[in-house]
Amino acid sequence: MAIGSGLGAQLSIGAETTYGTYVAPGKHLEFNKADIKLAKTTAQSAGIAAGRLLALSSRRVVTQRQASGSLELEVTNKGMGLLLQALMGTTVTPVQQGAGPAYLQTHTLADTFGKSLVMQLGVPLTTGSVTDKTFVGCKIVSAEFSCEVGGMLVATFEIDSKDCDETQTLVVASYSSMSPFHFGQMALKTGVFASEAARDGIRKVSVKLERPQAVERFYAGQAGLKKEPISNDQVKITGSIEMDYVDTTFDDLHTSDGATSLIWEFVGPNIASTFFETFRVKLPAIRFDDAPPTVEGFDVVRPTLSFTGLYDGTNQPAIEYISTDTTL
């Protein structure tokens, strides 16, 4: 029996072959919060019948079902591939680096149609029994990555799901040895694409990718369930950088509205040869929206500058991930 609290919870995911069709999830993730819930649309018959003062319980029907919510976890040195693929859209096969155990995943921005997940959440009763909440047809509609002084790299994924299936068997979770990326491994670089230079004074960075999708594709003949969401707007990339005012590089870019390439990376322990555990966000063109530095007292001037990620006309945004994972 599991512990009868959140300590006994589990989360397992798997890539679907067909949207909304269950596959047994084989990847087991450590997580901070999972707030994904079933939402149902009901209709109540209210026909007039002589002397009836209350609507009949038997005349209430469920006309639609779907689910949505969020998942928060620390970005670790293993196991992130399926989530990154569902976010970015490119079909990825890890590429061996050299002849050792390091494998590179390059998740380049592309359409996400056909990239859906099963997310099986085990929710413990106080008795220690764990209930199954299996969410099928899970599409990632946005993700935000953030790290600050002294902290872990944390990701929050917003999820849209076709349905919650509670008839499946809860898989047995097993966890490989994983470690989180953190502030001590963080660097930020900007400049000309492919020649970016490290920036000093950086205290906190966050990057958010939004994948707008038509998530209300409910049609007749689908038993009240939706068809796979499709992209219905351009991708939105935004972020912010908190820094001590050590130079005017970003301030000048804000003033001129000039573009710069941005690389935000975390480099961990060596895997083999010249290859290290790595999580790297590459944005070939960003422009700063606000805010220039202001003086608010005696302390070090510490601006927070927000930016928008754009297409440079040649290079797509990407997330690179080097780990020992040979498959997603």
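These legends go with an overall view and a set of close-ups centred on strand S8.

The model is predicted, so to speak of a local feature takes pLDDT of at least 70 and a side-chain atom pair counts only at pLDDT 80 or more, while totals for chains, interfaces and linings use all residues. Residues are numbered from 1 along each chain as its sequence is written, and side-chain values use heavy atoms, with hydrogens and water left out.

**View 1. The whole protein chain holds 2 helices and 20 strands.** Helices (H or I, at least four residues) and strands (E, at least two) are DSSP runs, numbered from the N terminus. Along the principal axes, the C-alpha atoms fill a box of roughly 80 × 45 × 40 Å. Of the 328 residues, 43% are buried, meaning under 20% relative accessible area with a 1.4 Å probe, protein chains only. Take the contacts (heavy atoms within 4.5 Å) between residues at least 6 apart in sequence: 71% of them join residues at least 24 apart.

**View 2. Strand S7 meets strand S8 in a hairpin.** Here S7 (residues 117-124) and S8 (residues 130-148) pair in the antiparallel sense over 7 bridges; to pair, two strands need at least two bridges found by DSSP. Look for glycine 122, whose bridge partner in S8 is aspartate 132. There are 5 residues between the strands, and glycine 128 takes a positive phi near 100 degrees.

**View 3. S8 and S9 form a hairpin too.** Strand S9 covers residues 154-161 and pairs with S8 in the antiparallel sense over 7 bridges. Lysine 139 stands opposite aspartate 160 in S9. With 5 residues between the two strands, the turn includes glycine 150, which has a positive phi of about 80 degrees.

**View 4. Strand S10 is joined to S8 by 3 bridges.** S10 spans residues 163-165, and the two strands run antiparallel. To find your way, start at phenylalanine 135: its bridge partner in S10 is cysteine 164.

**View 5. Strand S13 pairs with S8 in the antiparallel sense.** S13 takes in residues 202-210, and 7 bridges link the two strands. One handy landmark is glutamate 144, with lysine 208 as its bridge partner in S13.

Technical notes. Buried < 20%, exposed > 50% of the residue type's maximum accessible area, 1.4 Å probe, protein only.
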